[in-house]
Every structure is written in C-alpha cells, then in structure tokens.
Amino acid sequence: MDTVEGKINTQTADPTDKGNEASSVKTKILFFARARDLTGLTEMPLEVSSGSSVQDCLNDLVARFPSLEEIRGCMVLALNEEYTTESAILKDRDELAIIPPISGG
C-alpha cells in the first residue's frame, strides 16, 4: 500500500515539505509599545514551520525587522495571553505578543 495515491494525511508525512499544509503553523504576532514603533505594525500574520519555537519566530521577526534587536534581550513574551519563554512551541492559530519594557511614573 506504499503506492496509494491521493490526498491522504499520514503520520509519516515529511514536516519539512513546504507543499504539505500540515508542515506550517499560522500565527498572529502582536506588537506593543516600542515593538510597534520599531516595526510600524500593531499586528501581522506569520507562518512558520511546524514544531517551531517562539525563539525561531523571533529570529524570523528580527530578520524582517532588524531594529527589533534593540529590545530583544528585554522583551516579555505572551503566548495566547499567558507569559511564555522562547522555548515554547507554536501551534496553529497561536497569538504571540511582543511586549517591550514599559517605564513610567
């Protein structure tokens, strides 16, 4: 049965195959405060490979918006409205918020 043709999803599909819809994860990135200023955006969709971490996503964002490097070391991250770390794995339709340090008095 290895030669069966058609649109059948299997567990053995190659997750690096860009033609395979299951190999990517669609996320929404939210930018706050200084992150919004640096990107000029309040939000954007971002598609990453399945199994990507928040760190992978941030690497992609910094490649697109090099000025984000300015706040990379001090930003707070929230995944689906809960604080998270860069090692968290993204899932389809996740929402990642980039929250820079905020000062005030």
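## A walk through the fold

Of the contacts (heavy atoms within 4.5 Å) between residues at least 6 apart in sequence, 52% join residues at least 24 apart. This is a predicted model, where local features need pLDDT of at least 70 and side-chain atom pairs count only at pLDDT 80 or more, while totals for chains, interfaces and linings use all residues. Residues are numbered from 1 along each chain as its sequence is written, and side-chain values use heavy atoms, leaving out hydrogens and water.

The chain has 3 helices and 5 strands, taken from DSSP runs (helices: H or I, at least four residues; strands: E, at least two) and numbered from the N terminus. Their order along the sequence is β-α-β-α-α-β-β-β. Of the 105 residues, 33% are buried, meaning under 20% relative accessible area with a 1.4 Å probe, protein chains only.

Now to the interior. The largest nonpolar core (buried Ala, Val, Leu, Ile, Met, Phe, Trp, Tyr and Cys residues joined through side-chain atoms within 4.5 Å) has 23 residues, and Leu96 is among those with the most contacts inside it. Elements giving two or more residues to this core include strand S1 (24-31) and strand S5 (95-99), but the largest share, 5 residues, comes from H2.

Ser53 lies in the loop between strand S2 (43-49) and helix H2 (54-64), and this serine is buried, at a relative accessible area of 9%.

Here are the contacts of two residues, leaving aside neighbours within four places in sequence:

| Residue | In contact with |
|---|---|
| Ser53 | Glu86, Ser87, Ala88, Ile89 and Leu90 |
| Leu96 | Lys28, Ile29, Leu30, Val54, Cys57, Leu77, Ala78 and Leu79 |

Conventions
Buried < 20%, exposed > 50% of the residue type's maximum accessible area, 1.4 Å probe, protein only.
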